[in-house]
Amino acid sequence: MKRRRETDLEIHAQLSRVRNEYFAEIRRQKKAHWREFLDAPANVWKANVYTRHEPGLRRVPPLQKDGVTATTDKEKADMLMHAFFPAQPIPAVQESENEEVRPIRSVSLTRHEVQEAIFAANPKKAPGRDGLPFRVWRELWPVLGDPIFHLYETSLRLGHVPQRWKTAKIVTIWKPGKPDYTIPKAYRPISLLPTISKGLDAVVANRISYLAEKYSLLPKNHFGARRQRSCEQALSVLIERIHAAWRAGKVLSLVSFDVQGACNGVNKDVLCERLRKRRIPEELVRWVDSFRSNRMGCVALGSFCSQVATIEYPGLPQGSPLSPILYILYNADLVKRPIDSNGGALGFVDDFTAWVTGPSTGPNTRKIQDTILPVVERWAEGSGVTFEVDKTAFIHFTRNPGKEDSSAESIAFRGQSVSAGPSIKLLGVVLDKQLDMKLHMARLYIATVTPIMDYAASIWYAPGRRGLGRHIKILAKVQRLGAQAITRAFRTVAHQILEVEANLYPTEFRLRTKSARHLVKCYTLPNEHPVRQCLDLASEQGASFPSPMAQNIRAYEDALQPSEQGRVEVIQPWTVAPYSQRLGQCVSIESSKKRAKQLALDLPWRDTLYTDGSYWNNSWGAAVIKIKGNRVPITIRSKTVGTASSTSILATELHAIVLALEHIQALPRWEKERRQFPVATDSREALRAIQTPYAKSGQYLVQRAAAAIKDIRKNKSQVQLTWIPAHSGIAGNEAADSAALKTTEQQAPIDTTSTRLWTQVYRLALTKIRQDRLESFQQENVYGKYARRLDGALLGRHTLRLYSFLRTYLARIGREQSGRFSEGVLYEIIALFLDRMFVGL
């Protein structure tokens, strides 16, 4: 059935049940075997070995540094401590700016903010020296919630972090791919802090991150440790600029820097000064100053742990959720370089990359030497940090050998020469000078893992792109090896059959869906995002040096920009402020359907607003109704929300809730003051979206709901959003469903300025991908070609005469109803021989 691309829902359901029973039986047998193993007294010590796990259990070999060898655990711990936290250069005195900077007003800490930070952390996260994981605080929150909130609030108000919270257990992590693990630089320190302190670190990190986005405190081209600033988006910006330079007949020359120690090399005084410069509230600056001061730690090597000692140059602890956002504020001045046709820069946490464009490599090299390197060196001197020259990379991106100047192929940085290389590794992707991605494809081929293969596919894959066939062939070889390992099939089995039997998507289909998803997600970014500017440039590109983004836009143009259905929704990094009153307090979702129905019947039906959404005539409709005193429902508000290609059932239900809230909001003040307004809906998902307002599809509706609830609360009134079971005999729910359905039947005009959900746009793109795949399948016509040859041979002219005669004879003796023979059906021939002929005669 799979090979014929046939679908039988009943058989698939039966297969799913059998598969689930099979794996359930395996789990039961494993559990029974483990219990039997533990019951045997002889296995108690072996079980103890299995369950014992210490961070850094992998043994560290003898270490060497400056001619000194450390062999004992104590000597290794001392050497690693000095290597992890070296002496920092004294920052050069910078000229202070006379401009007065007013800090942003601070907002008081809220209890739900603390609770979310505690419950958002992984309960199994490695604890600090006290051995208490986050699960302890989650389990004890009903009892210790108020004391923890009081501790956090007092710590922020006083600008003081307790010393126990600043004492870390430092475990060593082996850096992958290092040639020599006898040097301390081959290891990375991870500070395991008390989990009680990480909760407050997360609260401060959320606040600073929110202020940075709301007040634009960071450069637009600073990626990493920020919402909607992913690694792939940073690479997309760079690739678009390279193609733009090529279209203009120019060369793009790029240099990448690496900060030695990064977080561990942050100077405390410089950090606080730059936080004030970025308008961070003074209360948070004072707290960060205490957070960075007088830190202590001990180094753990397996079961050995050194004595706790003061860290003279602590930097920012790697392991704290606060460190990444503090670091990008620390190096924001370095990254603030505009991106235009002459050059630009990108920052990704501690990685910094800058580039220039010019007619050839010679002028570009001189421009980097004269403009970029002096700025980098001045920033390093003023920050008290050191760049690793050995990790500095330099490359010229060009496809025209005539633009390369061999006499200007190196730059001088910190007294050393850095030569331009044929490739460069940026954010995990190997880019060569011509962007043919050969080296990157070789790296992916070795990995043989699909998620790694598809990494950053949107920057090199586009339907119909020149030279793409050889990349697809390389990836298809990897897919074939994986499919053979899964199915244990013979090497001669067709590649397409292997993919079907292994339940693997074809390579190109998988790449197309990934690139389409990335492109649609880019359309959801705010206008000030650098990728949005790249989208505008890509949509206007011509045939010369088209970038992958431009080719993807052309491939899915019908799905992305249908003018009659509105613009793709824009998703902000934050749905609501982290310190705002949580919407979950006004949401009630009962897990039991029976209990929920009883609560719905107990609602004050005269005051309750019932909402629902419905679909008909390719339209989604939302309605709000209220039951009058004579038990007659009246429609308060109704609206045609959109079509199937622009919105979804979740967004429609959210829209109905928003209509109800806006109706309450529009009431006269005397009518809505000091009242309780019940709103009932049959959509759990819509209520969960309001209860936990994350940055996801439909965010603009949640924001409208949050704004309406906030306005209603100003009048000392409350809104109670309640879930009720659908179609369970509740009069208000049935009336709301009928009103929403009536809205769609009226075929009301849809607002062309409405917002389209990115999930629906992505579905349209997937539909086109599937259609193209089906057309390609029909055109290639390669599946089952050997069976078709056999089928055709059996049903040749002479063969048909023979079997027609036999079939006619069977009809004459009453073994068949008709003597006619259906061409092209191979199983009918087999049945004719085995079943009819031998049994009948």
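## Notes on the model: strands, rings and cavities

1. Let's start with one spot in the sheet: V679 stands opposite L721, which belongs to β23. Keep in mind as you look around that this is a predicted model. β23 covers residues 718–723, and six bridges join it to β22, with the two strands running parallel.

2. β22 has another partner too. Strand β19 (residues 609–616) pairs with β22 in the parallel sense, this time over three bridges. To find one of these contacts on screen, pick T611 and look for its bridge partner in β22, T681. While you are there, remember that in a regular strand the side chains alternate between the two faces of the sheet.

3. How many of the six residues of β22 are buried? Five of them are, so this strand (residues 676–681) is largely enclosed by the rest of the structure.

4. Now for the aromatic rings. The count comes to 22 aromatic pairs. One of them is W174 with Y187, an edge-to-face pair with 5.4 Å from centre to centre and 75 degrees between the planes. W174 sits in strand β3 (residues 167–174) and Y187 in strand β4 (residues 187–192), so this pair ties together parts that are 13 residues apart in sequence. Both W174 and Y187 are buried.

5. Compare that with Y615 and W620. Why does this pair count as tilted? Planes under 30 degrees apart would be stacked and planes over 60 would be edge-to-face; the planes of Y615 and W620 are at 50 degrees, so the pair is tilted, with ring centres 4.8 Å apart. Y615 is partly exposed, with a relative accessible area of 36%, whereas W620 counts as buried at 14%.

6. Some rings gather in a group. F257, Y327, Y330, F352, W379, F387 and F413 form one aromatic cluster, so try selecting them together.

7. Rings can also have a charge over them. The charged end of R227 sits over the ring of W574, at 3.7 Å from the ring centre. K521 does something similar with W758: its charged end sits over that ring, 4.6 Å from the centre.

8. Next, the holes. Rolling a probe the size of a water molecule over the atoms shows where empty space is left. Searching the whole structure turns up three cavities of 30 Å³ or more. The largest has a volume of about 90 Å³.

9. Which residues line the largest cavity? Among them are S236, I239 and E240, along with H518, P548, M549 and N552. Three helices each supply at least two residues of this lining: α8 (231–247), α18 (507–523) and α20 (548–555). By class, the lining has five nonpolar, five polar and one charged residues.

10. α20 deserves a second look. It is mostly covered, with seven of its eight residues buried. The buried ones are P548, M549, A550, Q551, N552, I553 and A555.

11. Finally, the second largest cavity holds about 60 Å³ of space. Its lining includes F85, K166, A168, I170, R295 and M296. Sorted by class, the lining residues of this second cavity divide into eight nonpolar, one polar and two charged.

Methods. Residues are numbered from 1 along each chain as its sequence is written. This is a predicted model: local features need pLDDT of at least 70, side-chain atom pairs count only at pLDDT 80 or more; totals for chains, interfaces and linings use all residues. Side-chain values use heavy atoms; hydrogens and water are left out. Rings of Phe, Tyr and Trp (its six-membered ring) pair if their centres lie within 6.5 Å; planes under 30 degrees apart count as stacked, over 60 as edge-to-face and the rest as tilted. Helices (H or I, at least four residues) and strands (E, at least two) are DSSP runs, numbered from the N terminus. Buried means under 20% relative accessible area, exposed over 50%, partly exposed in between (1.4 Å probe, protein chains only). A charge sits over a ring if NZ of Lys or CZ of Arg is within 6 Å of the ring centre and within 35 degrees of the ring normal. On a 1 Å grid over the protein atoms alone, a cavity is a set of points where a 1.4 Å probe fits but cannot get out, and a pocket is an open set with protein on both sides within 12 Å along at least five of seven lines; lining residues have an atom within 4 Å of a point. Grid points are joined across faces, edges and corners, and a volume is the space filled by probe spheres set on the points. Ala, Val, Leu, Ile, Met, Phe, Trp, Tyr, Cys and Pro count as nonpolar, Asp, Glu, Lys and Arg as charged, and the others, Gly among them, as polar. Two strands pair if DSSP finds at least two bridges between them.
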